[in-house]
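Good morning, and thank you for coming. I would like to take you through one protein structure, from its general make-up to a few individual residues. Please look at the display as we begin.

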Amino acid sequence: MNDPSIDVVWRACAPRVLGALVRRYGHVDAAEDALQEALVAAARQWPAEGTPDDPKAWLIRVASRRLVDRLRADDARARREERVALRVTTNPLAIVGPGDAYVDCDDTLAVMLLCCHPSLSRPSQVALTLRAVAGLTTAQIARSFLVPESTMAQRIVRAKARLEGIADPFGLPPVTEMPARVAAVAHVLYLVYTEGHTATTGGSLTIPSLGMEAIRLARELHRSLPDDGEVRGLLALMLLTDARRSARIGADGSFIPLAEQDRARWNRDQITEGIELVETALTIGPVGPYQLQAAIAAVHDEAATAEATDWAQIEQLFEMLERIAPGPIVTLNRAVAVAEVRGPQAALELIDPLLDDQRLRRNHRLHAVHAHLLELAGRAEDAHAAYLLAARLATSIPEQRHLHAAARRLEPTE
């Protein structure tokens with residue numbers, strides 16, 4: 001028997017265990033509680049008795065017992081069991097495919113679809129599924145939405161309460177609702193992958209298990225909806241970005257910027273698959289944000305060297321992205337491309353309004369990009385101060401170290 005840590009088991013099994021519980025019993029809060037109790041039981045038993053050969057099955061079995069005990073104690077047990085029986089016969093956890101055919105999908109993906117109930121706002125849908133299914137902390141989710149942690153906590157609580165007040169919220173979604181739910185799930189997967197690709201906290205630059213799970217679920221979503229251009233674009237974006245993962249991290253765990261990476265270490269199989277996906281995606285229906293971001297990633301991945309990068313094409317793609325999905329982070333990323341094409345001063349003018357945006361005042365990446373542009377413009381003293389500010393705001397240790405190193409490079413000499 002292996003003896004993985006409880007944290008490793010959580011990352012690998014918890015989303016699927018929760019998915020199985022909700023799929024069977026249809027109650028997010030109770031399923032979450034039962035899963036937590038099962039994890040506590042595992043923490044007590046496994047060190048002494050050894051880790052089961054199938055940790056997921058063990059957790060499902062123990063959590064199911066806890067959950068069933070609660071449901072049996074509930075006055076509404078008979079009504080709930082009737083709904084469960086109905087679910088089993090009608091298979092409500094299916095994705096609508098071409099021609100209104102139903103395709104079975106992964107437990108975790110199914111629960112993500114169910115959490116994206118139309119009675120919830122889009123931010124609440126995404127926040128709830130990130131917390132309940134992806135296992136992200138409230139603080140991590142708040143940073144993704146650029147809101148205070150307390151605001152996000154209240155949003156998640158309200159979302160759960162809203163679902164509790166809906167009769168059978170986990171029933172089969174009508175065909176007309178499915179596009180909106182799929183879009184919300186895609187956004188969740190995008191945020192999960194982003195957190196896995198660059199962890200916002202802790203001593204590691206990445207959380208590989210999160211990234212791998214996001215890619216797995218994106219593949220499942222694409223398998224169920226092969227004609228959805230944005231779903232295809234999302235999978236392409238993940239693969240093209242993940243292809244560079246091993247080259248982003250030094251032997252000591254340090255962050256290696258894109259321009260300094262050893263491109264021989266990039267995963268060519270993922271790049272080939274990603275490029276094929278995005279090329280096809282761009283021909284399916286209207287072009288969306290994930291397709292454009294995937295196209296940008298493809299331009300980077302196709303360049304043999306950093307110097308060979310077609311920055312003019314990247315700038316054009318960012319302009320298109322900003323038109324259909326405007327936002328401060330898109331503008332910030334576009335500024336990097338503008339600096340390469342038209343020089344740092346044009347880029348500084350582009351991000352100047354962002355420096356006054358209250359949503360971004362504690363966003364370390366804004367100040368890191370600002371510092372980079374100031375350095376390119378020859379304003380070493382200002383760049384030094386901006387790098388230090390970015391380092392103070394960063395919550396990831398590898399990023400802090402990288403930013404401090406950049407600041408030291410610009411320290412005035414006696």
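The protein chain you see here has 19 helices and two strands. Please keep in mind throughout that this is a predicted model. Of the 414 residues of the chain, 51% count as buried. If we consider the contacts with a separation of 6 or more, residues 24 or more positions apart account for 64% of them.

Let us turn to the interior. As background, nonpolar side chains in soluble globular proteins tend to be buried together. In this model, the largest nonpolar core has 94 residues, and the members that touch the most others are Leu 59, Leu 130 and Leu 189. Which helix gives the most to this core? It is helix α9, residues 178-197, with 10 residues. Apart from this core lies another, of 25 residues, which includes Leu 332, Ala 371, Leu 373 and Ala 406.

Staying with helix α9, I would like to point out Leu 191, which is found there. Is Leu 191 buried or exposed? Its relative accessibility is 9%, and the cut-off for buried is under 20%, so Leu 191 counts as buried. Not counting residues up to four places away in sequence, Leu 191 touches Val 126, Leu 130, Ser 144 and Phe 145. You will recall Leu 130 from the core we have just discussed. Leu 191 and Ala 214 are 23 residues apart along the chain, and their C-alpha atoms are separated by 8.8 Å.

We now come to pairs of helices. The axes of helix α11, residues 229-242, and α13 come within 8 Å and cross at roughly 30°. An angle under 35 degrees counts as roughly parallel, and α11 is therefore roughly parallel to α13. In passing α13, α11 makes a left-handed crossing. On the α11 side, the contact includes Gly 229, Gly 233, Leu 237 and Thr 241; on the α13 side, it includes Tyr 290, Gln 291, Ala 294 and Asp 301. By class, this contact of α11 with α13 has nine nonpolar, five polar and two charged residues.

One residue of this contact merits attention: Gly 229, which lies in helix α11. With 8% relative accessibility, Gly 229 counts as buried. Which residues does Gly 229 touch, not counting those up to four places away in sequence? They are Ala 281, Ile 284 and Gln 291. Gly 229 and Gln 291 are 62 residues apart along the chain, while their C-alpha atoms are separated by 7.4 Å.

Further along the chain, helix α15, residues 328-342, meets helix α16, residues 344-351: their axes come within 7 Å and cross at roughly 160°. The two helices are therefore roughly antiparallel to each other, and α15 passes α16 in a right-handed crossing. Among the residues making this contact are Leu 332, Ala 335 and Val 338 of α15, together with Ala 347, Leu 350 and Ile 351 of α16. By class, the contact has nine nonpolar, one polar and two charged residues.

Helix α16 also meets helix α17, residues 364-376, and here the axes come within 9 Å and cross at roughly 150°. That angle makes α16 roughly antiparallel to α17. The crossing of these two helices is left-handed. Pro 344, Ala 347, Leu 348 and Ile 351 in α16 meet His 370, Leu 373, Leu 374 and Leu 376 in α17. How many charged residues does this contact of α16 with α17 have? It has no charged residues, but seven nonpolar and one polar.

Finally, I would like to consider two residues with acidic names on your display. Glu 315 lies in helix α14. At 7% relative accessibility, Glu 315 counts as buried. Leaving aside neighbours within four places in sequence, Glu 315 is in contact with Ala 337, Val 338, Val 341 and Arg 342. Val 338 and Arg 342 also belong to the contact of α15 with α16.

Asp 310 is found in the loop between α13, residues 289-302, and α14, residues 311-324. Asp 310 has a relative accessible area of 35%, and is partly exposed. Asp 310 and Val 341 are 31 residues apart in sequence and 9.3 Å apart in space, taken from C-alpha to C-alpha.

Thank you for your attention.

Terms used. Residues are numbered from 1 along each chain as its sequence is written. This is a predicted model: local features need pLDDT of at least 70, side-chain atom pairs count only at pLDDT 80 or more; totals for chains, interfaces and linings use all residues. Side-chain values use heavy atoms; hydrogens and water are left out. A nonpolar core is a set of buried Ala, Val, Leu, Ile, Met, Phe, Trp, Tyr and Cys residues joined through side-chain atoms within 4.5 Å. Buried means under 20% relative accessible area, exposed over 50%, partly exposed in between (1.4 Å probe, protein chains only). Helices (H or I, at least four residues) and strands (E, at least two) are DSSP runs, numbered from the N terminus. Contact means heavy atoms within 4.5 Å. Axes are lines fitted to C-alpha atoms, for helices over the stretch in contact, and angles run from 0 to 180 degrees between N-to-C directions. Angles under 35 degrees count as roughly parallel, over 145 as roughly antiparallel, 65 to 115 as roughly perpendicular and the rest as oblique. A crossing is left-handed if the near helix is turned anticlockwise from the far one by less than a right angle, and right-handed if clockwise. Ala, Val, Leu, Ile, Met, Phe, Trp, Tyr, Cys and Pro count as nonpolar, Asp, Glu, Lys and Arg as charged, and the others, Gly among them, as polar.
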